Each structure stands twice: as structure tokens, then as C-alpha cells.
Amino acid sequence: MTDINTGMVEKYRNDFLKEVEANVEEGDWVKMCMQCGVCSGSCPLGSDWDHPPQELFMMIRAGKRDEVLQSTSMWMCTSCYNCIVRCPRELPITHIMHGLAHYATRLGIEPKNQPTRQFAQLFWDNLAKNGRVNELWLGVNLYFMNGFVNGIKVALGMAGIGLGMLKTGRLSLKELVGGHTVKDKKGFQAMIKKAQELEAARIDN
Amino acid sequence: MSDIVATNQTILVVGGGISGMTAALEAAEVGKQVIVIEKTPSVGGRVTKLYKYFPKLCFPTCGLEINQRRMAANKNITVLTMAEVTDLQGEAGNYTATVKISPRYVNSNCTACGACGDAVEAEFDNEHNYNMDKHKGAYLAHDMAMPKRYVLEPGMIGTDDAQKAKDACKFDAIDLDMQEETLELKAGAVIWATGWRPFDAAKIQPYGYDRIDNVITSVEFERLMDPKGPTGGKLVRPSDGKEAKNVAFIQCAGSRDRNYLKHCSRICCMASLKQSTYVSEKFGDDANVSIYYIDIRAIDRFDNFYQKVQDDKNVTFIKSKVANIVENKENGNPTLKGVDTEGYHRYETEHDLVVLAIGMEPSVDKNTFPIEIKVNDEGFIEQDEANGGVFAAGCSSDALDVNRAVQSATASALRAIQVINKVAQAEG
């Protein structure tokens, strides 16, 4: 267990709902759930979740901290917003799912091999560097996420599309070195750093 | 219509449903002068469209007949049908209402013999059966219509059919030149009893009411049981007339949902429990009823009824708000999809017929009241001093079942009587 995770366990003891309300984005909505189940039924990937949103909300109230935060469930969310649209109590369910995933990551107890989580990390690392998404590197990193041999296979499979994108100017080989950035890259990085400090202070308190 | 006497000691009752009738009777039977304004061609309102009442499962026609006889026998009550209040001015003890009366094209000579209805050919949507069938252009709203007098659809006027109806009448009751009239009526107090309407089910997009034939509302299901209803009393589904033995009820269709109606409509749980007995009544042990619910709100004495239905082995309760419905194109069955709360099992279940236990909303849009009136967020009238001598009765004040609507109507009659008594005292 990480220090920060241990700290949170100490701080909230058995009140996981309180911990979620205080630390998870939109977490204070969790108690509003009336367990009707319309979110779970409306989720296009619902059958692939270990615990659909409705169940996660009940687990939070039941204090099942490890089961919730180490779950792969909220990482399955594709942000289609069907649940938010249909929720009779207007809970921002999509945001809560991302909030839970993010909080688990902050604590360092997220499911490490979950592919959505891995992609999200790749995307963030890519974006945080220059303030712009470098699509070429993002693609390359994604292809080789599961090892070199597999990466070559995927890359060859996608070659046709890649060449087409090159031809139509949707992809530039110049991106391989450096890549395009925001105008004020230093300012951008300072901003991210400050935001991370603020976030860390918020969690640590 | 010049024979209507209205003074500032008159109580004006707007709406002639069960609440309006009750309020009018309670006031008239203690000697107050009452005028009932009813928008449709006959009084009785939505109660006339019910097959049975819960929890006793008796027929509403019984109580309706008693009330109609009380009304007919009471000379203090004047009923104006096809009439609407378009404006209301003044204050408690001194109101002037503007009332628009639409032409019925049939005068009081009518004996309801039905010759005009037989003579005409044109057909119109039958509002009494929620437009599930048609009625003739000259019609009686239903068997218990009061006043028992035919009506001509406005769309008939100027057609040959209208002339046929006139020619068929032996009593000179049809007057094709009848015009809209506007009256000004004095009143000391007003009882507002305009009732409710079912929430528009088509707005609940995932349930496909507008796309799937075999998804109907609870009010429509109620009409299927009426021997004079659109199916002649047969419990069959709309798409192919197949007997609907496997019926699903979806609770909170529109109610308790911030996307639709925020409030709990109160009647829908009991309505579905009641309607589950209809399926058993028709098909005995072949009946297979599923009730999808968030929680069943069968309060106080209704709990006995709930327990009785729970004991019925042909009725299954599924704790889940159905997420969406798709149609099986091969057999027309609606397929219900969702996840149940007791175990989080994902289901995809087909039924012959799906009934949406539809919510209740006030029949008058809160922005179109002819008078300044305090309403809550849902559009129901608040009991507020700012409303002066206007008192809400029944479902214009809240989502209520018949029993509670009648209680509310009696209370509003008493409030109106107090205003009238003050006026009478002041005038000596």
C-alpha cells in the first residue's frame, strides 16, 4: 500500500462514503442514488463490468473500499453519457466513474493491467509533454503497448490506413522528432505542475 | 342560456369529474347555489374510463350513478357542459367568470335514441377510449353520459353527413346553426377541479411508446377491460389481437424522474397491482404478470392488497427500473432490458404486452391558468391565501386516487361555503 492510501484509510476509517464524498469528483452525489438500476441497464458495455454503476454506489455505501477502488469496472466507462441522460435523479454518473478511476490512480491502487487505464496513462503522458497530442507517437506507443512482436503485427495491419493518412496530410512524419507544441510550452508545463501541487495538497489534507 | 342565475353567493365549480361533482354536491346539499362548468359533453371525468376501483375492486359506475342521481335531484346545481372558463376577474366574494360554451349542435329535445348516430358515416377518434378506436360523427360519449344527450363532432358541420343526422332525427333535436356562446357569470367562490391527464408516454424515449405497438399505458389497459371498450372487453394486444397473457407493468413511467415528472404520482403502484388482477381474471393460471418497480408504494390499508398480489404465484416482482425496450420484429413482443437491484442480474425478457404505469400531471398547464394562482413546481395548485376565493379540489391540487380526491373536494367545498357565508352575512 502506498503512503497516501494508508493515510486515507487512517483518516476515514470505516466511512468510505465520506471518503468518496470528500475526495472523488462529484462524489457527493453518490448518496442520491435510489438503486433503480436504469444506469446499469443503459450502459452499452454494462455486461462487461464486474460491478455496474448502481452496484458500485451500493458498495461505496456498504464500505467496500478495496473492492471498489481496485475494480476494473469504472475503467470500462466510454463516456457515452447514456446513464446521465436517463438517471431519474440526474446523478452525473459518467463523471463519478471517472472520478473513482482517478482517485484510485492517485492512491496508486488502480488495476495496473487494465487496458483503458494503460491507454489513459499513455494519452496523458503524451499530452502533458507538449500540451498537444502527438498522434503519431500515441499510435506507436499504443501499438507496442503489449510487446514488440505484437506491436509490429498491429502496425503492419494498420499500414494501409497510416499511408492513407500520410497522403491526405492527416499524419506527419515530422511528429516523430519533437512534434508540435503549444505556443508557451514552459508556461503550460508550469501550469500543470501547479495544478498537480494543488491536487496533491487537497488529497493530503 | 339566459335562465342561469348567478350571484356573488354562487359557487362556481370548474370541472365536472369526480372531484367537481363531489364538491358541487356537498355545497348544493347544504343549500348553496352551484354552477358546474364541464369542458366535455358529459360529467364524470376520468372515473368513467375506469374498469374497477382499487382496493375493493368494485365498479366505478356504481358510485358514479349515485352521484349522478344526487345531481339530477338537486335543484341548486346547474351543469354547463362543453363549457370552459376563459377568464376570471375579481376577488373572494365577488368574481366574474367568462365562460365559453361550444356548440353541441343537439338541443334538449334529444332522447338519445341513436338514430342520428346510425345515419351518419364519418368517424372520429374516440377520446373516451384514448383514441384506440373511432366513434361516429354523431355520438354519445359513453353509456353513462350525463346529460344523456348526443353530440355532433364540429368536423361534421357543413357536410352531407350532418344533414343526414338532422334528417334522421324525429324530435327536431339537431340544430346545425348552433353557435359558440360566451357568458359572464357572477360567483362568490370558485372550486377549481380540472383534474389530471396522463403524462405523455412518448416523451419517455427509451420505452418506445410511439414506436412499439405492444407498449401501451395503464389508462389504455384499463379501457381494454370495458365490454364497451375498443376491444369489446378482450385483453388482447394492439399489434395482432393476440391474447395478452404475459403482461409486464413498468412502474414510475414518467414519475419520480427529474427528466419527466419530479413527483410520485401515488396511484400507479396500486393501479398496476389492481390491473394484475385483471390478467388473472381473464386467463386464470395462464396469466403471467411481471411488475418492474423501484419500490412499491402501497401505503397504509393498501398494504393488504399488495400482500394479496404478492401471494399470487402468477405475479412476479422485479426490483428494477427498466432501462429500455426494443421490439422483437418477428413476433411483435417488446423485449425489456435492464439490471435488477436484487443481485444485479442483467435481464432481457420478452412479454406479450407492456403496460407503462403512467404518471399523473395536472390537466391545466401552469402557464395557462385564466387567473393568478399559486402552483407548485409540478403545476399543482397550492393552498395559499393569495388564491383568495379559489380553492383546488382533487387532482388539480395533487396526484391523488379517487378516495383522496373526494376528500380533497369535500374540504374545498367547505372552504368555498365559508366564503359564501361571509358574503351572505355582509349582505344581510
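This dialogue goes through a predicted model of two chains, A and B, and shows how some of its features can be read.

Reader: Where should I begin with chain A, and what pattern does this chain follow along the sequence?

Author: A reasonable start is the order of secondary-structure elements, followed by the extent of the chain. Chain A has 11 helices and zero strands, so that its pattern, read along the sequence, is α-α-α-α-α-α-α-α-α-α-α. The C-alpha atoms of chain A fill a box of roughly 55 × 40 × 30 Å along the principal axes, and 26% of its 205 residues count as buried. Among the contacts in chain A with a separation of 6 or more, 60% are made by residues 24 or more positions apart.

Reader: Which domains does the assignment give for each chain?

Author: Domain bounds are read as residue ranges, and a domain may be built from several segments, as domain 1 of chain B shows with 10–102 + 180–195 + 363–427. In chain B the assignment also gives domain 2 (115–168) and domain 3 (199–360), whereas chain A is divided into domain 1 (3–111) and domain 2 (115–198). The C-alpha centres of the two domains of chain A are separated by 29 Å, and those of domain 2 and domain 3 of chain B lie 33 Å apart. Five residues of domain 2 of chain B are in contact with six residues of domain 3 of chain B, and the domain 2 side of this contact has two nonpolar, one polar and two charged residues.

Reader: In the sheet E13-E20-E14-E15-E16 of chain B, which strands stand at the edges?

Author: The order of strands in a sheet is read separately from their order in sequence. Here five strands of chain B form an open sheet in the order E13-E20-E14-E15-E16, with parallel pairing. Strand E13 (215–217) and strand E16 (315–319) of chain B stand at the edges, because each has a single partner strand and one side of each is therefore left without a neighbour in the sheet. From one strand to the next the twist averages 25°. Strand E15 (288–293) of chain B pairs with E16(B) over five bridges in the parallel sense, and within this pair Ser290(B) stands opposite Thr316(B). Helix H6 (268–283) of chain B lies across E14, E15, E16 and E20 of chain B, and runs at about 175° to E14(B).

Reader: How is the pairing arranged in the sheet E17-E18-E19 of chain B, parallel or antiparallel?

Author: The pairing in this open sheet of three strands is antiparallel. Strand E17 (324–327) and strand E19 (346–350) of chain B are the edge strands, each with a single partner, so one side of each has no neighbour in the sheet. Neighbouring strands are turned by 20° against each other on average, direction ignored. Strand E18 (334–339) of chain B pairs with E19(B) over five bridges, and Leu336(B) has Thr349(B) as its bridge partner there.

Reader: Which residues have the most contacts inside the largest nonpolar core?

Author: That core has 158 residues, and those with the most contacts inside it are Val13(B), Ile191(B) and Leu356(B). Beyond its neighbours within four places in sequence, Leu356(B) is in contact with residues including Ala201(B), Tyr209(B), Val215(B) and Ile250(B).

Reader: How many residues of chain A are in contact with chain B, and which helix gives the most?

Author: An interface can be read by residue counts, then by element, then by class. In this model 17 residues of chain A are in contact with 18 residues of chain B. Helix H3 (38–42) and helix H4 (53–61) of chain A each give two or more residues to the chain A side, and H3(A) gives the most, with four residues. By class, that side divides into five nonpolar, eight polar and four charged residues.

Key: Residues numbered from 1 in each chain as written. Chains lettered and ligands numbered in written order. Predicted model: local features only at pLDDT ≥ 70, side-chain atom pairs only at ≥ 80, totals over all residues. Core = buried A, V, L, I, M, F, W, Y, C linked by C-beta atoms within 7 Å. Buried ≥ 20, exposed ≤ 12 C-beta atoms within 10 Å, placed from the backbone. Contact = placed C-beta atoms within 7 Å. Pairing = 2+ DSSP bridges. Axes fitted to C-alpha atoms, helices over the stretch in contact; angles between N-to-C directions. Nonpolar A, V, L, I, M, F, W, Y, C, P; charged D, E, K, R; others polar. Domains from an automatic or database assignment.
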